[in-house]
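Me: I would like the reasoning behind the labels. Take me through them one by one.

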Amino acid sequence: MQTLNLPPFDAKYSNKNGKPCIYDRLRRKNVALTPEERVRQYFVNFLITCKSFPPERMANEVSISVNTTAKRCDTVVYDNYLTPLAIIEYKAPDVTISADVFDQIARYNFVLRVPYLIVSNGIDHFCCKIDYSSMKCGFIDHIPGYDEMKSEQTGS
């Protein structure tokens with residue numbers, strides 16, 4: 001497996017019917033181990049252990065409807081009032097993060113209107129901050145911690 005640009009952690013691997021699985025802490029179940037799923041689990045661990053994201057304010061595979069089409073956000077982060085703060089999209093490590101990936105997450109954001117869009121392939125991580133009052137959007141040079149996201153949301 002390719003080394004990820006994320007902190008190592010003791011991921012729980014298993015096999016189900018001869019197929020590799022990884023434990024998803026947020027969904028509380030074993031899921032098929034794909035390259036993208038591995039990135040998701042490592043990134044979620046990074047957010048929880050390094051950026052102080054409370055796991056109870058995060059959800060994987062969140063269903064939304066975009067133009068009457070059912071879609072799923074890879075991960076959504078919520079504030080204490082369950083208002084969405086961020087959408088996170090994961091790709092396999094061999095997938096280059098491109099404008100198409102940001103177009104995908106932006107379409108999801110038409111529904112959720114979050115202030116942060118994050119994309120990671122486990123190697124490269126990008127965060128875009130949206131200011132709806134000024135209608136400006138731009139990349140920031142780090143993945144914000146949970147408290148930073150919440151304070152930006154509330155303006156405090």
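What follows is a short exchange on why each label applies.

Reply: Agreed. One point up front: this is a predicted model.

Me: How many helices and strands does the chain have, and in what order do they run?

Reply: There are 3 helices and 9 strands. From the N terminus the order is β-β-β-α-β-β-β-α-β-β-β-α.

Me: Why is the chain called as compact as a globular protein of its length?

Reply: Its radius of gyration is 15 Å, and the globule rule gives 15 Å for 156 residues. The two values are close, so the label holds. The C-alpha trace spans about 50 × 35 × 30 Å along the principal axes.

Me: What share of the residues is buried, and what share of the contacts links residues 24 or more positions apart?

Reply: Buried residues account for 45% of the 156. Of the contacts with a separation of 6 or more, 49% join residues 24 or more positions apart.

Me: What about surface and charge?

Reply: The accessible surface is about 8,600 Å², with 50% of it on carbon and sulfur atoms. The chain carries 19 positive and 18 negative charges, and their mean positions are 6 Å apart.

Me: Why is V114 called buried?

Reply: Its relative accessibility is 0%. Buried means under 20%, so V114 qualifies. V114 sits in the loop between helix 2 (99-112) and strand 7 (116-120).

Me: Which residues does V114 touch, leaving out those up to four places away in sequence?

Reply: P84, L85, A86, I87, N109, I130 and Y132. As for T83, it is 31 residues from V114 along the chain, with 8.5 Å between the C-alpha atoms.

Me: Is E37 buried or exposed, and how do you know?

Reply: Buried. E37 has a relative accessible area of 7%. The cut-off is under 20%, so the label follows. E37 belongs to helix 1 (residues 35-50).

Me: What makes the pair E37 and R27 a polar contact?

Reply: Their side chains are joined at 3.1 Å. The limit for a pair of N or O atoms is within 3.5 Å, so the distance fits. Not counting residues up to four places away in sequence, E37 touches I22, D24, R27, V31 and A32.

Me: N45 is in helix 1 too. Why is N45 called buried?

Reply: N45 has 10% relative accessibility. That is under the 20% cut-off, so N45 counts as buried. Beyond four places in sequence, N45 touches P7, P8, F9 and C50.

Me: Why is E61 called partly exposed?

Reply: E61 stands at 23% relative accessibility. Buried needs under 20% and exposed needs over 50%. The value meets neither condition, so E61 is partly exposed. E61 lies in strand 4 (residues 58-66).

Me: Which residues does E61 touch beyond four places in sequence, and where is S98 relative to E61?

Reply: E61 touches R27, R40, R72, C73 and D74. S98 is 37 residues from E61 along the chain, and their C-alpha atoms are separated by 21 Å.

Me: What makes K19 exposed?

Reply: K19 has a relative accessible area of 56%. Exposed means over 50%, so K19 earns the label. K19 is in strand 2 (residues 19-24). K19 and Q104 are 85 residues apart in sequence and 29 Å apart in space, C-alpha to C-alpha.

Terms used. Residues are numbered from 1 along each chain as its sequence is written. This is a predicted model: local features need pLDDT of at least 70, side-chain atom pairs count only at pLDDT 80 or more; totals for chains, interfaces and linings use all residues. Side-chain values use heavy atoms; hydrogens and water are left out. Helices (H or I, at least four residues) and strands (E, at least two) are DSSP runs, numbered from the N terminus. The radius of gyration is taken over C-alpha atoms; the globule rule is 2.2 Å times the number of residues to the power 0.38. Buried means under 20% relative accessible area, exposed over 50%, partly exposed in between (1.4 Å probe, protein chains only). Contact means heavy atoms within 4.5 Å. Accessible areas come from the Shrake-Rupley method with a 1.4 Å probe; for residues, only the protein chains shown count as cover. Lys and Arg count as positive and Asp and Glu as negative; His and the chain ends are not counted. The place of a charge is taken as NZ of Lys, CZ of Arg, CG of Asp or CD of Glu. A polar contact is a pair of N or O atoms within 3.5 Å; within protein, one must be able to donate a hydrogen and the other to accept it, and residues adjacent in sequence count only if both atoms are side-chain atoms.
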